[in-house]
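Colleague: I'm new to this one. Could you pull it up and walk me through it?

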Protein chains: 2
Amino acid sequence: MLYSSGMKKPLQKRTLATRAKLIDAAEKIISSKGFGALRVEEVVKTAAVAKGTFFAHFHDKDALMDLIISGEIDAFLDGFEQKASPEDLDAFILHLLPLLQFMTRERYVFDLILRHSGAAAKEEIGPIARTFERQVMVLAQWISDGPFRKDVSTVILAEGVQAFAVQCMALHFCAINNEMPMDTRLKLYLEPWLLCPKAP
Amino acid sequence: MLYSSGMKKPLQKRTLATRAKLIDAAEKIISSKGFGALRVEEVVKTAAVAKGTFFAHFHDKDALMDLIISGEIDAFLDGFEQKASPEDLDAFILHLLPLLQFMTRERYVFDLILRHSGAAAKEEIGPIARTFERQVMVLAQWISDGPFRKDVSTVILAEGVQAFAVQCMALHFCAINNEMPMDTRLKLYLEPWLLCPKAP
DNA sequence: AATTAATATTGACCATGGTCATATTTATTA
DNA sequence: TAATAAATATGACCATGGTCAATATTAATT
């Protein structure tokens, strides 16, 4: 079974070791071939365990991806919390951009993130969904610290930024015509969203 | 092969007939068991053709879904174009709601729509992606006709509405806690988005 | 009508994610 | 430490989407 934070005794050395072997194997494959090329068969072969073992540790392939990708997103958020809040809209977008670029580095990754961002339909909220909540908190802080509109709750504003970011990322995968870079498009949305009761 | 609008001679009676059989079979299955339960095997069995035939008509299962779902969305948009534009924000949301409810009737459907809304990574823009473009046009018209802000391009505003709607639908699938109905949440976003330079 | 070219259909086969009864290992108890 | 219970690991097996060389049908050409 899958041990997520707050569950009963996930102890037992062997378990942790196997789990680590699986994750290591997966990360190795991902770093050489990308997320989309990961095959469960190859993970278990690399980790030298049986196929069934994989599914004893992760509910499905998505769950492993969820875990690994959320780890990367969390690293970005850690970085965000380190740095000072951006002092204007351009800096705001520039700060955010690397995360958006990671999320769109592969179509597969973006689809998976999208699919998991709204929390699993199940009872348990997944790792990526948690990073989305955390992202809202970070963005809300940025907004609260910056020269942005004050007539709307920072959380709503932050959720809006997230929605616009998703929109931009989705359009990023669009057909030929759409050559507008993500950050340019994002500014198009965020200007009227964050700077609305215009200050001169 | 798949004949999308604007391609060469899709004629030949037999082809059209087979294609219709496949779509009919799919719709029959969907109406009785839902989109998520559709199996290609069952479609071809119901349509009394071989499995390979399915893939001669549709690039993959998603392509068929794309076609059928886009048909339903287009029906909503037809309805929207029939009726007069909503005269305030509440009516705006109420008009839109049935479409959002259709899109969220099954998790499977929502995921598929999301995946296809940003246009296939390929060269050809798919049916659902086209409905999204069309939706922007309809929403832009609504916005232009209604008592909404005029300081931003109606197309940008419409794209924003779409982004917020997607956000609300995604959150709709969230875990237990999230009991806020979609329309309530949508209003939370659209009020500051569409009514920003507030009129009394 | 007969021949040829283009198009459509077929179904055995493959790739890959996921299941589950059984076996093995670890923890607990007598 | 031996016996027992609980937790883990195993791999044959299944479900399902998708491929493709071979076959059959329709259209075009003589």
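Colleague: Which residues touch the most other members of the largest nonpolar core?

Modeller: Keep in mind that this is a predicted model. Its largest nonpolar core holds 103 residues. The ones that touch the most other members come from both chains: Phe164(A), Ala165(A), Phe164(B) and Ala165(B).

Colleague: Let's stay with Phe164(A): which residue of chain B is it in contact with, once its neighbours within four places in sequence are left aside?

Modeller: Within its own chain, Phe164(A) is in contact with Leu186(A), Tyr189(A), Leu190(A) and Trp193(A). Contact here means C-beta atoms within 7 Å. On the chain B side, the partner is Ala163(B).

Colleague: Which element of chain B gives the most to the side that touches chain A?

Modeller: In total, 30 residues of chain B are in contact with 30 residues of chain A. The elements that give two or more residues to that side of chain B are α6 (107–117), α8 (154–172) and α9 (182–194). With nine residues, the top contributor is α8(B).

Colleague: And how many residues on that side of chain B are nonpolar?

Modeller: Sorted by kind, that side has four polar and five charged residues. The nonpolar ones number 21.

Colleague: What kind of axis relates the two copies?

Modeller: Chain B superposes on chain A with an RMSD of 0.0 Å after a rotation of 180°, with 0.0 Å of shift along the axis. The copies are thus related as by a two-fold rotation axis.

Colleague: Which residue of chain B comes closest to that rotation axis?

Modeller: The copies meet through the same surface, because 100% of the interface residues of chain B are also interface residues in chain A. Going by C-alpha, the one that comes closest to the axis, at 2.7 Å, is Ala163(B).

Conventions
Residues are numbered from 1 along each chain as its sequence is written. Chains are lettered from A and ligands numbered from 1 in the order in which they are written. This is a predicted model: local features need pLDDT of at least 70, side-chain atom pairs count only at pLDDT 80 or more; totals for chains, interfaces and linings use all residues. Copies are superposed by least squares on the C-alpha atoms of residues with pLDDT of at least 70 in both. Two residues are in contact if their C-beta atoms, placed from the backbone, lie within 7 Å. Helices (H or I, at least four residues) and strands (E, at least two) are DSSP runs, numbered from the N terminus. Ala, Val, Leu, Ile, Met, Phe, Trp, Tyr, Cys and Pro count as nonpolar, Asp, Glu, Lys and Arg as charged, and the others, Gly among them, as polar. A nonpolar core is a set of buried Ala, Val, Leu, Ile, Met, Phe, Trp, Tyr and Cys residues joined through C-beta atoms within 7 Å. A residue is buried if 20 or more other C-beta atoms lie within 10 Å of its own, exposed if 12 or fewer, and partly exposed in between; C-beta atoms are placed from the backbone.
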